[in-house]
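User: I have a structure open and would like to go through it in small steps. Can we start with a single residue and work outwards?

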Amino acid sequence: MWIGLSLLSFSLATLAPGDPAQLLLLQRTGDPPTAQEVAALRGEMGLDRPFPVRYLQWVGRAVQGDLGVSYSSGKKVTHILVDNLGSTFQLAVTALLLGLAIAIPLGVVAASRRGTYIDHFSRIASLVGTSIPSFVMGYLLILLFAVGFRFLPVSGSGGVSHLILPALTLGVAEGASLARLVRASMLEVLGEEYILVARAKGVGRGSVVLRHALRNAFNPILTLTGLRFGRLVGGAVIVEAVFGRTGLGTVILDAIHDRDYVLIQGFMLLMGTTFVVTNLMVDILYSRLDPRIGRAMTSVDRHHVGGR
Amino acid sequence: MSSLAVGRLPDMAHPGRGDGKRLWTRNNPLAVAGFVLVSAVILVALAAPFLGLAGPNAIDALHRLEGPTLRHLFGTDDLGRDVFSRIAWGARWSLAAVGVATALIMSIGVSLGIIAGYYGGLVDEILMRIVDVFLALPSLLLALAIAGILGSGFGSVLFALIAVWWAGYARLVRGLVVGLRERDFIAGARALGGSNGHVMIQHVLPNVLPPVLILATIEMGDLILAVAALGFLGVGVHSPDPEWGTMVSDARPFFLSAPRLMVLPGLAIMLTVVAFNLIGDGLRDALDPGSNPIR
């Protein structure tokens with residue numbers, strides 16, 4: 001799996017039109033380089049060696065934590081990624097918590113009042129929430145909070161106050177789609193016989209919903225949330241661009257702009273690895289929490305439920 | 001499995017055609033609304049050249065950054081271009097990208113899925129490992145990296161969408177074919193002397209097509225969003241071409257003085273995505289009555 005990932009990340013760069021050596025020289029000097037200069041640099045960078053050799057070299061070093069040196073900045077790719085990982089991670093985790101804080105009440109209320117106006121409202125809210133592009137949502141929130149009320153910084157990064165708007169942007173979208181999952185998951189549990197038994201025993205409605213149903217719906221909800229983490233990081237990239245926040249998003253956009261393939265390769269490998277590791281952890285956690293269905297979920301379900 | 005049926009795809013192998021259709025139109029006004037909206041967007045896209053609008057790149061230098069007037073229904077942007085016209089032409093761009101991409105994604109995904117499922121063995125193993133790798137990367141990031149590396153233009157957006165989305169279809173179809181392979185009518189077709197190619201096209205393909213079309217509808221909204229996001233991040237189109245995401249991005253310097261420049265294309269994206277998602281939800285509900293909200 002990881003071999004495939006690294007191969008894909010590495011081959012991405014070979015898709016690129018143009019010769020990195022030539023581009024690099026052009027960037028350094030501003031003049032079109034001569035053929036000799038290009039050839040010399042190609043030799044120095046190892047670009048003249050065949051693809052499998054270069055790939056093996058890159059992977060060999062990557063395993064040791066060395067992803068090469070960025071073309072545009074001359075810094076080590078590993079350093080750039082590690083420096084920015086924290087900021088993006090902070091944003092994604094905050095957004096995830098916000099999303100859960102929105103989704104669980106909304107989904108639970110919708111499921112327990114199924115078919116009522118509250119249910120319809122929550123469905124429509126989550127539909128709209130998932131359909132607004134995050135960049136549009138980001139600017140709407142800026143207009144509302146930072147400009148309208150003037151108490152939150154509009155852009156940049158720094159303290160907690162800089163985190164609120166980006167996290168809210170991402171969290172609302174995440175909450176909207178999680179709310180559907182929470183609702184579906186609750187409906188499933190509420191249809192079980194033991195809920196009927198509890199009701200028949202005279203347990204109050206609220207207590208049934210919270211103590212019996214939510215508790216049982218919790219495992220799938222947590223699992224799905226975990227599986228969606230990769231998607232969330234993808235969303236964070238856009239949100240970072242909107243708010244001018246430092247993080248992996250800014251790194252990858254700059255890398256694309258500068259055609260810095262070494263950096264792009266390293267970034268993709270990091271993302272893929274994170275994603276695979278998160279899914280693995282979720283799998284393990286899930287089968288621990290509920291051994292009955294630990295193996296029942298197919299990857300098709302996972303792909304479509306979790307999304308990417 | 002039952003407690004995991006949360007939002008999962010409906011039972012794709014047995015779409016239960018007749019029932020599904022009836023439920024769908026009668027009990028689901030939202031899905032009908034989705035249909036109407038999508039048709040409206042398609043109509044605007046098709047009619048864009050014939051609406052008597054100023055061209056999407058035509059500059060009305062005397063009327064820059066103007067609010068809505070009779071002459072410019074949605075006003076003009078910083079260069080004096082007609083916003084309504086740009087949104088209408090933008091619809092062409094988005095729909096064309098998503099339509100062509102979906103057709104190609106389906107062809108590739110379905111062919112590879114059928115081959116993997118039908119032959120099984122080593123071919124299957126290799127293809128599915130490749131699928132795993134593609135599914136392991138967050139879709140938007142992979143699309144961003146591919147389109148970014150290829151440079152701007154319609155072709156690179158198309159390529160990025162295909163590269164990212166084919167794998168899900170291949171996985172779905174392969175699963176369906178593995179189920180079909182053991183069925184009697186396939187064995188019968190082969191016993192009658194049908195070649196592998198004949199059996200795959202005549203007997204397997206028609207059976208996997210309905211679920212594939214459903215999946216395509218469900219994912220349409222995601223594709224529109226991805227195209228807009230690429231445009232917004234500046235890796236999609238060249239700037240003068242009208243594209244909704246790019247329009248939002250171009251409006252950034254003016255979003256305090258003329259928020260409409262950003263809100264209108266934003267609304268266009270949102271409404272189109274809502275419309276496709278309504279249809280997708282309708283299909284999902286119809287095919288998986290357990291999750292039907294109205295019932």
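Analyst: Fine. This is a predicted model. A:Ile238 counts as buried because 23 other C-beta atoms lie within 10 Å, and the cut-off for buried is 20 or more.

User: Which helix does A:Ile238 lie in?

Analyst: A:Ile238 belongs to helix H11 of chain A, residues 229–243.

User: And what does A:Ile238 touch, leaving out residues up to four places away in sequence?

Analyst: A:Ile238 touches A:Ser134, A:Phe135 and A:Gly249, and also B:Ala229 and B:Leu233 from chain B. A:Gly249 is 11 residues from A:Ile238 along the chain, and their C-alpha atoms are separated by 6.7 Å.

User: Ok, A:Ala255 next. Buried or exposed?

Analyst: A:Ala255 is buried, because 27 other C-beta atoms lie within 10 Å. Its place is in helix H12 of chain A, residues 248–257.

User: What is A:Ala255 in contact with, apart from neighbours within four places in sequence?

Analyst: Its contacts are A:Asp260, A:Leu263, A:Ile264 and A:Phe267.

User: How far apart in space are A:Ala255 and A:Arg228?

Analyst: From C-alpha to C-alpha they are 25 Å apart, with their positions 27 residues apart in sequence. Set that beside A:Pro220 and A:Tyr286, which are 66 residues apart in sequence and 8.0 Å apart in space.

User: Where is A:Pro220 found?

Analyst: A:Pro220 sits in helix H10 of chain A, residues 205–227. A:Pro220 counts as buried because it has 27 C-beta neighbours inside 10 Å.

User: Why does A:Leu7 fall where it does, buried, partly exposed or exposed?

Analyst: A:Leu7 is partly exposed because 14 other C-beta atoms lie within 10 Å. Buried takes 20 or more, and exposed takes 12 or fewer. A:Leu7 is in helix H1 of chain A, residues 2–15. A:Leu269 is 262 residues away from A:Leu7 in sequence, yet the two C-alpha atoms are 9.1 Å apart.

User: Let's zoom out. How many helices and strands are there in chain A?

Analyst: Chain A has 14 helices and zero strands. It has 308 residues, of which 43% count as buried. Of its contacts with a separation of 6 or more, 72% are between residues 24 or more positions apart.

User: And what does chain B come to?

Analyst: Chain B has 10 helices and zero strands. Of its 295 residues, 51% count as buried. Among its contacts between residues at least 6 apart in sequence, 68% join residues at least 24 apart.

User: Pick a helix in chain B. How many residues of H5(B) are buried?

Analyst: 12 of its 12 residues are buried. Among them are B:Leu140, B:Ala143, B:Ile146 and B:Gly148. H5(B) covers residues 139–150; its end C-alpha atoms are 17 Å apart, which agrees with the 16 Å that 12 residues should span at 1.5 Å a residue.

User: What comes after H5(B)?

Analyst: B:Gly151 follows, with a positive phi near 95 degrees. H3(B) is likewise followed by a glycine, B:Gly120, whose phi is positive at about 65 degrees.

User: What span should the residues of H3(B) have?

Analyst: Its 37 residues should span 54 Å at 1.5 Å a residue, and its end C-alpha atoms are 53 Å apart, which agrees.

User: At what angle do H3(B) and H6(B) pack?

Analyst: Helix H3 of chain B, residues 83–119, and helix H6 of chain B, residues 154–181, pack at about 35 degrees, with their axes 5 Å apart. The contact has 25 nonpolar, three polar and two charged residues. H3(B) passes H6(B) in a right-handed crossing.

User: Last topic, the largest nonpolar core. Which residues touch the most other members?

Analyst: A:Ile264, B:Ala143 and B:Leu161 do, in a core of 174 residues. A:Ile264 is also one of the contacts of A:Ala255, and B:Ala143 is one of the buried residues of H5(B).

User: What does B:Leu161 touch, not counting residues up to four places away in sequence?

Analyst: B:Leu161 touches B:Ala101, B:Ala143, B:Leu223 and B:Ala226.

Technical notes. Residues are numbered from 1 along each chain as its sequence is written. Chains are lettered from A and ligands numbered from 1 in the order in which they are written. This is a predicted model: local features need pLDDT of at least 70, side-chain atom pairs count only at pLDDT 80 or more; totals for chains, interfaces and linings use all residues. Helices (H or I, at least four residues) and strands (E, at least two) are DSSP runs, numbered from the N terminus. Two residues are in contact if their C-beta atoms, placed from the backbone, lie within 7 Å. Axes are lines fitted to C-alpha atoms, for helices over the stretch in contact, and angles run from 0 to 180 degrees between N-to-C directions. A crossing is left-handed if the near helix is turned anticlockwise from the far one by less than a right angle, and right-handed if clockwise. Ala, Val, Leu, Ile, Met, Phe, Trp, Tyr, Cys and Pro count as nonpolar, Asp, Glu, Lys and Arg as charged, and the others, Gly among them, as polar. A nonpolar core is a set of buried Ala, Val, Leu, Ile, Met, Phe, Trp, Tyr and Cys residues joined through C-beta atoms within 7 Å. The expected span of a helix is 1.5 Å times one less than its number of residues.
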